[in-house]
Amino acid sequence: MKYLFSILSLIFLYTCENTTQLVDYWKNPTIQNYTPNKVLIIGMTKNQEAKEEFENEFETQLQLLGIDADKSQVVLGKDFLNRKYTQAEIKKFEDSLIKLNYDTVIFSRIIGVKNKIKYSDQYYKDHTKQENFKEEFIAYQDQYYNPSYYENYNVYNAETSVYCLCPDKDRNLIWKGYIDIIDPTSIKESVKDYIKMVILVLEEETIIPTPQ
């Protein structure tokens, strides 16, 4: 119970300070500890700037933890995601990675985007102290006329999976997590926040080593 509380506390504190929120995650119950030796990072997006930023940052952070990591844009080429592949082609691709001593693939993608609406912070502050029906009705009827009453923002739903390229068995899913990226304004900063969140959880779940 203390271990679970520690994980939830760290995630809660980190979520409060950044534009990323951990929605849910799953860890393979048959695996207690996992030690990746050589990792391939794949950011599945047609946005080349976002892909490069994501893979570069993730590669850097894993290497700081002493993990041998490479980005797909170097190993597979920048045009790898420009066409569809058959299962046989993916199997051949997996086998080639194993021959190159890769034992783990980290795969991330955006799975949805939601437009959200919330009260403008200033408007909310100015209209939360009404003491009777008449005052509150007059104050809140402005929602129909005041364009600053609402703020629109986007929430990007992202998914990251960690797979083991185990040569003696099927490619096992080790971990899968769902993280919301809230109202991103900078690809660079959003990517940093996202990767920090993923690494935090993977460390707590003993899937990657913690800093010494």
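Which residue takes a positive phi just after α2? Gly66 does, with a phi of about 85 degrees. The legends below start from that helix and then move on to other parts of this predicted model.

**View 1. Helix α2, from its cap to the residue that follows.** Helix α2 covers residues 48–64, 17 residues in total. Its first and last C-alpha atoms are 24 Å apart, close to the 24 Å expected at 1.5 Å a residue. At the N-terminal end, Asn47 acts as a cap, placing a side-chain oxygen 3.1 Å from the backbone nitrogen of Glu49. Buried residues of the helix are Ala50, Lys51, Phe54, Glu55, Glu57, Phe58, Glu59 and Leu62. Just past the helix comes Gly66 with its positive phi.

**View 2. Ile67 in the loop between α2 and β3.** Have a look at Ile67, which sits in the loop that joins α2 to β3 (68–71). Is Ile67 buried or exposed? Ile67 counts as buried because its relative accessibility is 5%, below the 20% limit. Setting aside residues up to four places away in sequence, Ile67 touches Pro36, Asn37, Val39, Leu62, Ile208 and Pro209. One of these partners, Ile208, is 141 residues away along the chain, yet the C-alpha atoms of Ile67 and Ile208 are separated by 8.4 Å.

**View 3. Lys38, a buried lysine without a salt bridge.** Lys38 belongs to strand β2, which runs over residues 38–44. Although Lys38 is buried, it has no salt bridge. Asp70 is the nearest side chain of opposite charge, at 4.7 Å; the pair does not count as a salt bridge because the cut-off is 4 Å. The side chain of Lys38 does reach the backbone oxygen of Leu100, at 2.9 Å. Beyond neighbours within four places in sequence, its contacts are Asp68, Asp70, Leu100, Asn101, Tyr102, Asp103 and Thr104.

**View 4. Glu59 and Lys71, a salt bridge between a helix and a strand.** Side chains of opposite charge can pair when their charged atoms come close. Here, Glu59 and Lys71 meet in a salt bridge, with 3.3 Å from N to O. This pair links distant parts of the chain, 12 residues apart: Glu59 is in helix α2 and Lys71 in strand β3. Both partners are buried, Glu59 with a relative accessible area of 12% and Lys71 at 18% relative accessibility.

**View 5. Salt bridges with partly exposed partners.** The count for the structure comes to eight salt bridges, and two more of them appear in this view. Lys91 pairs with Asp95, their closest N and O atoms being 2.7 Å apart. Lys91 and Asp95 both lie in helix α4 (residues 87–99), four residues apart, or about one turn of the helix. Lys91 is partly exposed, with a relative accessible area of 41%, and Asp95 is partly exposed at 27%. Elsewhere, salt bridges that share partners join Arg109, Glu159 and Lys176 into one network. The other pair shown is Glu89 with Arg83, at 3.2 Å from N to O. Glu89 counts as partly exposed at 31% relative accessibility, while Arg83 is partly exposed with a relative accessible area of 46%.

**View 6. The disulfide of Cys164 and Cys166.** How many disulfides does a search of the whole structure find? The search finds one, formed by Cys164 and Cys166 with their sulfur atoms 2.0 Å apart. The link is right-handed, with 125 degrees about the S-S bond. Cys164 is buried, with a relative accessible area of 9%, and Cys166 is buried with 10%.

Methods
Residues numbered from 1 in each chain as written. Predicted model: local features only at pLDDT ≥ 70, side-chain atom pairs only at ≥ 80, totals over all residues. Heavy atoms only, no water. Disulfide = S-S within 2.5 Å. Buried < 20%, exposed > 50% of the residue type's maximum accessible area, 1.4 Å probe, protein only. Helix = DSSP H or I, 4+ residues; strand = E, 2+ residues; numbered from the N terminus. Lys, Arg positive; Asp, Glu negative; His and termini not counted. Polar contact = N/O pair within 3.5 Å; in protein donor to acceptor, adjacent residues only side chain to side chain. Contact = heavy atoms within 4.5 Å. Expected span 1.5 Å × (residues − 1).
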